[in-house]
Structure formats: structure tokens, C-alpha cells
Amino acid sequence: MAGEQEAQSATLQRVRLTSSLRSRGIRDSRTLNAIGEVPRELFIDESLSREAYCDGPLPIGEGQTISQPYVVALMLEALALSGKECVLEIGAGSGYQTALLCALARRVESIERHESLAQEADRRLRALGCRNYTIHVADGTQGWPDGAPYDGIIVSAAAPSTPKPYLAQLTSGGRCVIPVGDRERQTLLLLVKHGRKIHERDLGAVRFVPLVGAHGWSENEG
Ligand code: SAH
């Protein structure tokens with residue numbers, strides 16, 4: 001009975017979350033539907049489950065955070081997915097955004113540098129019945145050449161500049177969303193590749209954990 005009540009309350013909270021995202025300007029119905037379906041409480045520690053549907057980031061271990069739902073929605077909407085795409089995700093973290101991508105795209109390659117996070121994310125995604133993804137433990141600043149080219153690349157950690165491999169691994173017409181800036185503050189960029197040209201759009205100010213790797217920040221950089 002208590003479990004049933006909790007499930008009902010989570011469903012209600014997801015309805016509230018999607019309507020608040022809509023009122024903040026998110027329009028893409030597929031993105032909103034996916035956020036309305038995926039149980040965010042399953043991707044965080046049980047002790048934080050009361051905060052699962054607050055529109056903010058939460059700790060997930062290894063000094064990392066699950067991203068704020070509004071920012072996740074903004075990034076997913078910017079990818080403009082129809083369901084046929086092959087997408088590369090950098091920074092699986094909790095796996096929450098991976099679950100949304102599984103609902104929105106045909107195939108998801110995801111990279112996470114912390115093995116413990118990757119394993120936990122994989123366990124949760126399997127339990128939810130997601131099958132169209134693989135999480136690789138690697139330095140995601142190199143992209144994932146084996147699955148390239150990608151229709152979309154979504155980067156959930158902040159880069160000092162766009163890693164070159166991402167642009168090389170995009171299809172023509174492909175879209176990349178990435179926070180670029182310093183370690184404290186960044187601008188969320190949408191990059192759209194047209195042949196050899198890249199069109200850039202500013203989606204606003206954001207704050208992400210650092211992208212650590214060969215084409216990102218070094219581990220101990222201040
Ligand atoms: N979308 C995730 C956000 C996780 S935070 C979620 O909703 O939970 C960003 C993640 O990027 C962290 O888990 C961090 O370990 C990972 N990360 C940072 N640099 C990385 C790199 N070079 N390659 C892969 N993952 C990286």
C-alpha cells in the first residue's frame with residue numbers, strides 16, 4: 001500500500017515537473033513526455049528521494065551531480081530528436097538522462113569516466129527495461145569513434161572548449177549540445193554541423209561539473 005502511494009505521488013510529481021518545464025518554455029512534446037515517464041527517484045540515493053522532482057541538481061557520488069531537470073530538458077529539446085537517431089552522451093552519471101535518450105532516440109552510446117557510476121547507471125537502466133544503449137567506461141573527450149557518425153552529441157560536463165573529436169564524429173546536419181566556459185560558469189552551446197561549417201547558438205548560462213580528460217580539464221586544474 002505504501003509502495004502504491006509512493007508510486008502515485010511520483011507520477012503526480014512528474015506531471016507537476018513537466019508542467020513547470022512547459023511554463024519555463026520547453027515545448028518539445030517528446031522531451032516532455034519522456035520526462036513525464038522516467039522515474040527520476042530511481043536514479044538518486046533513497047535518502048534524497050523526497051527531492052527527486054525538485055528542479056535542481058543532486059549529488060550522485062564521486063563528487064558528481066545529476067543535472068537539473070530544466071537543463072536536461074533544454075539540452076534534449078535542442079537535439080530535436082525524432083526517434084531515428086544515433087546519439088552519443090558524454091557523462092552518463094546517474095543514468096537518468098541516458099534513460100530519457102533511450103526513449104527519444106534509436107541508439108545511445110554513453111561514456112562515463114567513473115566506473116562505479118557507470119555500473120550503477122547500467123544496473124538502473126537494465127532494471128527499467130532500457131535496451132538500446134551501451135555505457136562505456138572511458139575518457140569521453142575523445143568521443144566514441146566506433147559508433148560514429150552521430151546525429152546528436154550531448155555533453156553533460158563543462159568543457160574549456162569544444163573537443164575536436166565531437167565535430168568530426170557528427171553527421172552533416174548533426175547537433176551537439178555542450179556547456180563551454182570556465183570551471184565555475186559556462187554557456188550552453190548548440191552546434192549544428194552543415195557540411196564543413198558549424199553554426200553556433202547560445203542557449204544560456206549554466207553550471208556543470210568539469211569535463212575531465214585529454215580534450216577537457218585536467219584532474220587537478222583549478
Ligand atoms: N547526465 C548525468 C550528469 C552527470 S554529471 C545525470 O543526469 O546524472 C557529469 C558526469 O560526467 C559525471 O558523472 C562525470 O564523472 C562525467 N565525466 C566528466 N568528464 C568525463 C569524461 N571525460 N568522460 C566521461 N565522463 C566524464
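Visitor: Which strands each supply at least two residues of the shell around the ligand?
Guide: Strand S2 (64-66) and strand S4 (107-112) each do so. A residue belongs to this shell if one of its heavy atoms lies within 4 Å of the ligand, and strands (E, at least two residues) and helices (H or I, at least four) are DSSP runs numbered from the N terminus.

Visitor: What sort of model is this?
Guide: It is a predicted model, in which local features need pLDDT of at least 70 and side-chain atom pairs count only at pLDDT 80 or more, while totals for chains, interfaces and linings use all residues. Residues are numbered from 1 along each chain as its sequence is written, and side-chain values use heavy atoms, with hydrogens and water left out.

Visitor: Back to the shell: which strand gives the most?
Guide: Strand S2 does, with three residues. The ligand is surrounded by 24 residues in total, and the closest are Ser94, Glu112, Asp139, Gly140 and Val212.

Visitor: How do the shell residues divide by type?
Guide: There are 10 nonpolar, 11 polar and three charged residues. Here Ala, Val, Leu, Ile, Met, Phe, Trp, Tyr, Cys and Pro count as nonpolar, Asp, Glu, Lys and Arg as charged, and the others, Gly among them, as polar.

Visitor: What does Ser94 do with its side chain there?
Guide: A polar atom of the Ser94 side chain is placed 2.7 Å from an oxygen atom of the ligand. This is a polar contact, a pair of N or O atoms within 3.5 Å.

Visitor: And which ligand atoms do Asp139 and Val212 approach?
Guide: Asp139 has a polar side-chain atom 3.0 Å from a nitrogen atom of the ligand. Val212 uses its backbone instead: one of its N or O atoms lies 2.7 Å from a ligand nitrogen atom. The ligand taken alone exposes 580 Å², of which the protein buries 99%; such areas come from the Shrake-Rupley method with a 1.4 Å probe.

Visitor: New topic. How many residues of helix H3 are buried?
Guide: In helix H3 (residues 69-79), 10 of the 11 residues are buried, and the helix is mostly covered. Buried means under 20% relative accessible area, exposed means over 50%, and partly exposed lies in between. The buried residues of H3 include Pro69, Tyr70, Val71 and Leu79.

Visitor: Where does Ala73 fit in?
Guide: Ala73 is a residue of helix H3, and it is buried, with a relative accessible area of 0%. The C-alpha atoms of Ala73 and Ile35 are 7.9 Å apart in space, although the two residues are 38 apart in sequence.

Visitor: Why is helix H4 described as largely enclosed?
Guide: Helix H4 (residues 96-104) is largely enclosed by the rest of the structure because eight of its nine residues are buried. Among them are Tyr96, Gln97, Cys102 and Leu104.

Visitor: What comes straight after H3?
Guide: Ala80 follows H3. Ala80 is not a glycine, yet its phi is positive, about 50 degrees. Its place is in the loop between H3 and strand S3 (86-90), and it is partly exposed, with a relative accessible area of 46%.

Visitor: What is the sign of phi at Glu62?
Guide: Phi of Glu62 is positive, near 55 degrees, again in a residue other than glycine. Glu62 stands in the loop between strand S1 (58-61) and S2. Its relative accessible area is 44%, so Glu62 is partly exposed.

Visitor: One last thing: is the peptide bond from Ala148 to Pro149 cis or trans?
Guide: That bond is cis, with omega near 0 degrees. Pro149 is found in the loop between strand S5 (133-137) and strand S6 (150-155).

How values were computed:
A polar contact is a pair of N or O atoms within 3.5 Å; within protein, one must be able to donate a hydrogen and the other to accept it, and residues adjacent in sequence count only if both atoms are side-chain atoms. Buried means under 20% relative accessible area, exposed over 50%, partly exposed in between (1.4 Å probe, protein chains only).
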